[in-house]
Amino acid sequence: MIEIIPAIDIIEGKCVRLSQGDYQQKKVYNEQPLEVAKEFADAGIRRLHVVDLDGAKAQHIVNHKVLESIATHTDLVIDFGGGLKSDDDLRIAFECGAAMVTGGSIAVKQPEGFSHWIERYGAERIILGADVHNEKIAVSGWLETTDNDLMPFIEGYCKKGIQKVLCTDIAKDGMLTGTSVELYKKIMAHFPALQLIASGGVSSIADIEALDEAGIPSVVFGKAIYEGRIKLSELQRFI
């Protein structure tokens with residue numbers, strides 16, 4: 001059964017959502033992210049995806065106190081991403097309670113550094129962020145699209161031991177238009193042992209059901225919950 005992973009995106013310490021990664025299309029849903037996290041935990045959810053959007057812009061960890069607050073006051077297993085570029089960023093994230101971290105831009109721009117993280121912390125704690133637009137990798141908070149093709153990018157890191165990949169289709173993210181099921185099926189066909197985490201476009205419980213039927217291991221979503229398109233009670237069958 002598919003693993004449910006709600007997302008909390010942070011700007012200035014507040015729970016927000018963007019549309020297609022556009023910082024100008026920001027909507028604040030709650031000024032207290034911990035309250036949101038507690039609602040997820042109370043519903044029986046075990047996992048949480050936290051994104052430091054300020055960090056993604058600043059190119060270093062910023063909202064680690066929010067991470068620490070959630071990790072201290074809930075039992076959620078948190079993966080944290082956004083602007084993690086240095087060993088010091090990772091140290092802070094792990095010390096503040098992250099069970100795992102997600103690295104995207106660094107995996108493209110500093111592959112030696114990202115590979116070092118895999119070796120040092122182990123594949124269980126390092127998630128490869130593969131943000132895509134037309135199957136090309138995007139970086140720097142999605143502000144820049146590269147020439148790197150998705151499949152070879154994932155394959156290169158699988159050879160280095162990576163086991164978990166968070167793939168976000170930028171065109172879908174925050175748009176509530178449905179997920180890129182065919183893209184995720186294509187990835188799983190190439191890498192059947194991959195712990196793939198689908199992200200972007202979830203608009204209803206039917207989208208999660210479709211991903212589950214397609215055999216996708218995990219899904220990250222947020223806006224559909226915040227906009228009332230998915231009720232926490234509907235997720236009980238997946239918990």
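The dialogue below goes through several features of a predicted model and how each is read.

Q: What kind of model is this, and how are its residues numbered?
A: It is a predicted model, in which local features need pLDDT of at least 70 and side-chain atom pairs count only at pLDDT 80 or more, while totals for chains, interfaces and linings use all residues. Residues are numbered from 1 along each chain as its sequence is written, and side-chain values use heavy atoms, with hydrogens and water left out.

Q: How many helices and strands does the protein have?
A: Helices (H or I, at least four residues) and strands (E, at least two) are DSSP runs, numbered from the N terminus. On that basis the protein has 10 helices and 12 strands.

Q: What does the radius of gyration say about the protein as a whole?
A: The radius of gyration is taken over C-alpha atoms, and the globule rule is 2.2 Å times the number of residues to the power 0.38. For 239 residues a compact globule would have a radius of gyration near 18 Å, and the 16 Å of the protein agrees with this. The C-alpha trace spans about 40 × 35 × 30 Å along its principal axes.

Q: What percentage of the residues is buried, and how much area does the protein expose?
A: Buried means under 20% relative accessible area, exposed means over 50%, and partly exposed lies in between (1.4 Å probe, protein chains only). Buried residues make up 56% of the 239 residues. Accessible areas come from the Shrake-Rupley method with a 1.4 Å probe, and for residues only the protein chains shown count as cover; the protein exposes about 10100 Å², of which carbon and sulfur atoms supply 47%.

Q: Which share of the contacts joins residues 24 or more positions apart?
A: Contact means heavy atoms within 4.5 Å. Of the contacts in the protein with a separation of 6 or more, 67% are accounted for by residues 24 or more positions apart.

Q: How do helix α1 and helix α3 pack, and at what angle?
A: Axes are lines fitted to C-alpha atoms, for helices over the stretch in contact, and angles run from 0 to 180 degrees between N-to-C directions. Helix α1 (residues 33-42) and helix α3 (residues 64-73) pack at an angle of about 35 degrees, with their axes 9 Å apart. The contact is made by P33, L34, A37 and K38 of α1 together with V66, S69, I70 and H73 of α3. These residues divide into 5 nonpolar, 2 polar and 1 charged, where Ala, Val, Leu, Ile, Met, Phe, Trp, Tyr, Cys and Pro count as nonpolar, Asp, Glu, Lys and Arg as charged, and the others, Gly among them, as polar.

Q: Is F40 in helix α1 buried or exposed, and which residues does F40 touch?
A: F40, found in helix α1, is buried, with a relative accessible area of 2%. Not counting residues up to four places away in sequence, F40 touches P6, I8, I45, L48, I225, Y226 and L232. The C-alpha atoms of F40 and L232 are separated by 7.7 Å, although the two residues are 192 residues apart along the chain.

Q: Where does I205 lie, and what does I205 touch?
A: I205 lies in helix α9 (residues 205-213) and is buried, at a relative accessible area of 12%. Leaving out residues up to four places away in sequence, I205 touches I230, E234, L235, R237 and F238. The C-alpha atoms of I205 and R229, 24 residues apart along the chain, are separated by 8.0 Å.

Q: What is the setting of R229?
A: R229 is found in the segment after α10 (223-226) and counts as partly exposed, at 44% relative accessibility. Aside from neighbours within four places in sequence, R229 is in contact with L176, S203, S204, A224 and E234.

Q: Which sign of phi do E12 and E135 have?
A: Most residues other than glycine have a negative phi. E12, in the loop between β1 (3-11) and β2 (14-19), has a positive phi of about 55 degrees and is exposed, with a relative accessible area of 58%. E135, in the loop between β7 (126-133) and β8 (136-139), has a positive phi of about 65 degrees and counts as partly exposed, at 28% relative accessibility.
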